[in-house]
Amino acid sequence: MTTYPEPTLIFENPELTVRAFSVSEMDNSVYLITMRATGEQVLIDPADDAEELYAFTLDALLNDCPQLELADGEERRVRVMEKEEDFNSIRPRAIGLTGILVTHGHWDHIRAIKELDHLTGAVTSAGAADAAEIKELEDYTVEEELTGGESFDFYLSDTVIRALHVPGHTPGSIVYTLETTWEDGTPATLLFTGDTLFPGGVGKTDSPQQFGELFSNVLEKLFGGFEDDAIVLPGHGRSTTLGDERPHLEEWGTRGW
């Protein structure tokens, strides 16, 4: 995977799809998970251009959930239901975007959060330690503040997205993990790392102390917590795997970035 001038299907199996879309002059990668059976969607990093991202979610529904009926207007603004009975009372149709997950509070990853919330009514989540920065930059208060260990589930599915707190790039940086399967049923792990981990190194830091915190957390929580075939989907540019990067860890530690 390189960069994404157009919405790109980067992973699929019978249950779900993962699409990527590059926005803004910063080439920010936005990721969208769509459940095929229900049309429920989660978007990771509302980086810029809310209307374009909203169109991206609708295009994914049309491509990945052709059996579902798209409702119009205000009916599409559906939040995650609190009770199973709430689902039973509506006809089978596309639920659409119900969750917006933020990897960290830097401006280039959050510029569309307020407007995309307005367009979709999706529940927004971000690291608790970055919530104040998001409020300051975008005049927006996230609905769920994460400290790590939280999970996000989907209706009629055992699949979950888990929040892993990996501070260093920012105090509240979150890596979102998705344990699923390939089309043949073998296990697959996707790590949405934001600016925490890239091909070739960890994210930008401003001091040796900050680098030490980030590098230590990446070693323990990512390289120590997942197998080499785990796919790293960063906040900018191409993907990689933990196995491709593991041989270079000593080099990263020595150079200090």
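Which side chains meet in a salt bridge with a separation of 3.3 Å, N to O? In this predicted model, the two partners are K135 and D139, and K135 is partly exposed, its relative accessible area being 39%. This contact belongs to a wider set of charged pairs, since the count for the model comes to 9 salt bridges, and several of these are described below after a short account of the chain as a whole.

The chain contains 7 helices and 15 strands. Of its 257 residues, 53% count as buried, while the accessible surface of the chain comes to about 11,500 Å², with 50% of that area belonging to carbon and sulfur atoms. When the contacts with a separation of 6 or more are considered, 58% of them are accounted for by residues that lie 24 or more positions apart.

Among the strands, six are arranged in an open sheet of 6 strands with mixed pairing, and their order is β8-β9-β10-β11-β14-β15. Strands β8 (151–153) and β15 (240–241) stand at the edges of this sheet, and because each has a single partner strand, one side of each is left without a neighbour in the sheet. The partner of β15 is β14 (residues 231–234), and these two strands pair in the antiparallel sense over 2 bridges; in one of the pairings, I231 has T241 in β15 as its bridge partner. Helix α5 (residues 208–223) lies across β9 (160–165), β10 (174–181) and β11 (187–194), and the helix runs at about 155° to β9.

Some of these strands also contribute to the nonpolar interior. The largest nonpolar core has 23 residues, and those with the most contacts inside this core are V18, I33, I161, Y176, L190 and F192. Two or more residues of the core are given by each of the elements β2, β3 (28–35), β4 (40–44), β9, β10, β11 and β14. The surroundings of V18 can be described in more detail: when residues up to four places away in sequence are not counted, V18 touches T8, L9, I10, F11, L32, I33, L178, L190 and F192. A second, separate core is made up of 17 residues, including V175, F215, F226 and V232.

The salt bridges are found in differing surroundings. D64 forms a salt bridge with R19, and the closest N and O atoms of this pair are 2.8 Å apart. The pair links distant parts of the chain, as D64 lies in helix α1 (residues 50–64) and R19 in strand β2 (residues 16–23), 45 residues apart. D64 has a relative accessible area of 5% and is therefore buried, and R19 likewise counts as buried, at 13% relative accessibility, the cut-off for this class being under 20%. In the salt bridge between K204 and D206, the closest N and O atoms are 2.6 Å apart, and here both K204 and D206 are exposed. Salt bridges also join E25, D48 and R111 into a network.

Finally, one residue towards the end of the numbered helices may be placed. E251 is found in helix α7 (residues 249–255), where E251 is partly exposed, with a relative accessible area of 44%. The C-alpha atom of E251 is separated by 9.9 Å from that of G200, although the two residues are 51 residues apart along the chain.

Notes
Residues numbered from 1 in each chain as written. Predicted model: local features only at pLDDT ≥ 70, side-chain atom pairs only at ≥ 80, totals over all residues. Heavy atoms only, no water. Salt bridge = Lys/Arg side-chain N within 4 Å of Asp/Glu carboxyl O. Helix = DSSP H or I, 4+ residues; strand = E, 2+ residues; numbered from the N terminus. Buried < 20%, exposed > 50% of the residue type's maximum accessible area, 1.4 Å probe, protein only. Pairing = 2+ DSSP bridges. Contact = heavy atoms within 4.5 Å. Axes fitted to C-alpha atoms, helices over the stretch in contact; angles between N-to-C directions. Core = buried A, V, L, I, M, F, W, Y, C linked by side-chain atoms within 4.5 Å. Areas by Shrake-Rupley, 256 points an atom, 1.4 Å probe, with all protein chains shown as cover.
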